[in-house]
Structure formats: structure tokens, C-alpha cells
Amino acid sequence: MPYSLDINGETHSVEVDADIPLLWVLRDIIGLTGTKFGCGIAMCGACTVHLDGMAARSCVTTVADAADHAITTIEAVGKTPEGARIQEAWLKAEVVQCGYCQSGQIMSAAALITLNPSPTDADIDAVMAGNICRCGTYPRIRTAIKQAAATGEGR
């Protein structure tokens with residue numbers, strides 16, 4: 001079935017089955033490989049993208065469910081004010097170790113500070129609990145989110 005997808009501000013037409021996960025459309029058909037496959041059951045967060053600005057797990061979101069939403073991936077999140085602040089803070093806090101989970105972490109963090117510009121440690125822990133980092137960079141992730149939130153205060 002044909003679908004028209006709004007991905008990172010561009011329209012892409014794809015001819016796929018309705019139940020194919022958005023992740024495979026992004027990676028295998030569109031060629032946006034920044035979104036990673038992790039667990040395939042929405043438990044690790046490596047595949048996080050935004051649907052209308054809200055964090056969503058692309059491994060369990062079907063293309064049919066995503067078709068009526070604006071889809072943002074790691075390739076374009078830096079074009080949003082919150083995404084740019086998160087990416088800058090990520091670098092300052094030197095969050096990344098192996099890097100595999102980082103695109104999903106950044107997408108969840110950007111959605112968090114968009115919805116909650118001044119998150120507490122508890123807010124950060126609650127939202128980011130769905131993103132697993134095998135390297136254990138959680139303290140640096142929290143630091144980066146707080147730095148990004150602080151740079152957005154007063155805007």
C-alpha cells in the first residue's frame with residue numbers, strides 16, 4: 001500500500017505493507033540509518049523518533065500509524081531549538097561512550113525538555129528510564145539534560 005510520510009520536513013512516498021515497522025522504512029527504504037535497532041519490543045529506546053514532537057519507539061510503530069504524523073529522526077532533531085541544545089550539551093558533558101544508544105537517548109531527551117523545560121532529576125529518571133545504555137552513561141545523560149534545560153531558561 002502506498003504511504004506518504006513527512007520525515008524531517010520532507011515528503012517521502014513508500015509502497016509497503018501497513019504493518020511494517022517505521023524503523024525499517026526509515027533505515028532500509030528511506031536510508032536514514034541514525035535510528036538504531038535495539039530490542040524490537042520497545043524496551044530499550046534505541047529506535048526512538050518523534051511523532052509530532054512526542055517520543056515514539058519506531059520498532060513497534062507501524063508505518064500506517066506513523067503516516068499522519070510529522071516524523072523527526074536524529075538526522076534532523078538538531079534543527080529544533082531543544083534538539084540543538086541537547087546535542088550541544090551532549091558534547092559538553094562528553095556523554096557518549098560506544099554511542100549505539102545515543103540517537104535514541106537524544107531523541108527522548110529532546111522530547112523531554114520540549115514538554116518540560118525545567119525537568120527535575122526525578123522527571124529525567126522517569127522519562128529516560130525507557131532508554132537503556134549498556135555503557136552506563138546515565139549520570140552524564142542527566143548532566144547534559146540539565147545543562148540543555150538551563151540554556152533554554154528564559155526563552
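**Cores, cysteines and a helix pair**

Hi everyone, let me start with one residue: A56 is buried, at a relative accessible area of 14%, where buried means under 20%, exposed over 50% and partly exposed in between, with a 1.4 Å probe and protein chains only. Before going on, this is a predicted model, in which local features need pLDDT of at least 70 and side-chain atom pairs count only at pLDDT 80 or more, while totals for chains, interfaces and linings use all residues. Residues are numbered from 1 along each chain as its sequence is written, and side-chain values use heavy atoms, leaving out hydrogens and water.

Back to A56, which sits in strand β4, residues 54-57. Strands here are DSSP E runs of at least two residues, helices are H or I runs of at least four, and both are numbered from the N terminus. Neighbours within four places in sequence aside, A56 is in contact (heavy atoms within 4.5 Å) with C47, T48, V49, L51 and T61.

C47 brings us to the cysteines. How many disulfides does a search of the whole structure find? Zero, taking a disulfide as a pair of cysteine sulfur atoms within 2.5 Å. C47 is buried at 2% relative accessibility, but its sulfur is 3.6 Å from the closest cysteine sulfur, in C59, so that is too far for a bond. C39 is partly exposed, at 30%, and its sulfur is 3.8 Å from the closest one, in C44, again too far for a bond.

Now the nonpolar cores, meaning sets of buried Ala, Val, Leu, Ile, Met, Phe, Trp, Tyr and Cys residues joined through side-chain atoms within 4.5 Å. The largest has 20 residues, and I86, W90 and I145 touch the most other members. At least two residues each come from α3 (81-92), α4 (102-115), α5 (121-128) and α6 (138-152), with α4 giving the largest share, six. Apart from this core lies another, of 17 residues, including Y3, L5, L26 and A66.

Let's finish with a helix pair. α5 and α6 pack at about 120 degrees with their axes 11 Å apart; axes are lines fitted to C-alpha atoms, for helices over the stretch in contact, and angles run from 0 to 180 degrees between N-to-C directions. That makes α5 oblique to α6, since under 35 degrees is roughly parallel, over 145 roughly antiparallel, 65 to 115 roughly perpendicular and the rest oblique. The contact uses D121, I124, D125 and M128 of α5 with I141, R142, I145 and K146 of α6. Thanks, everyone!
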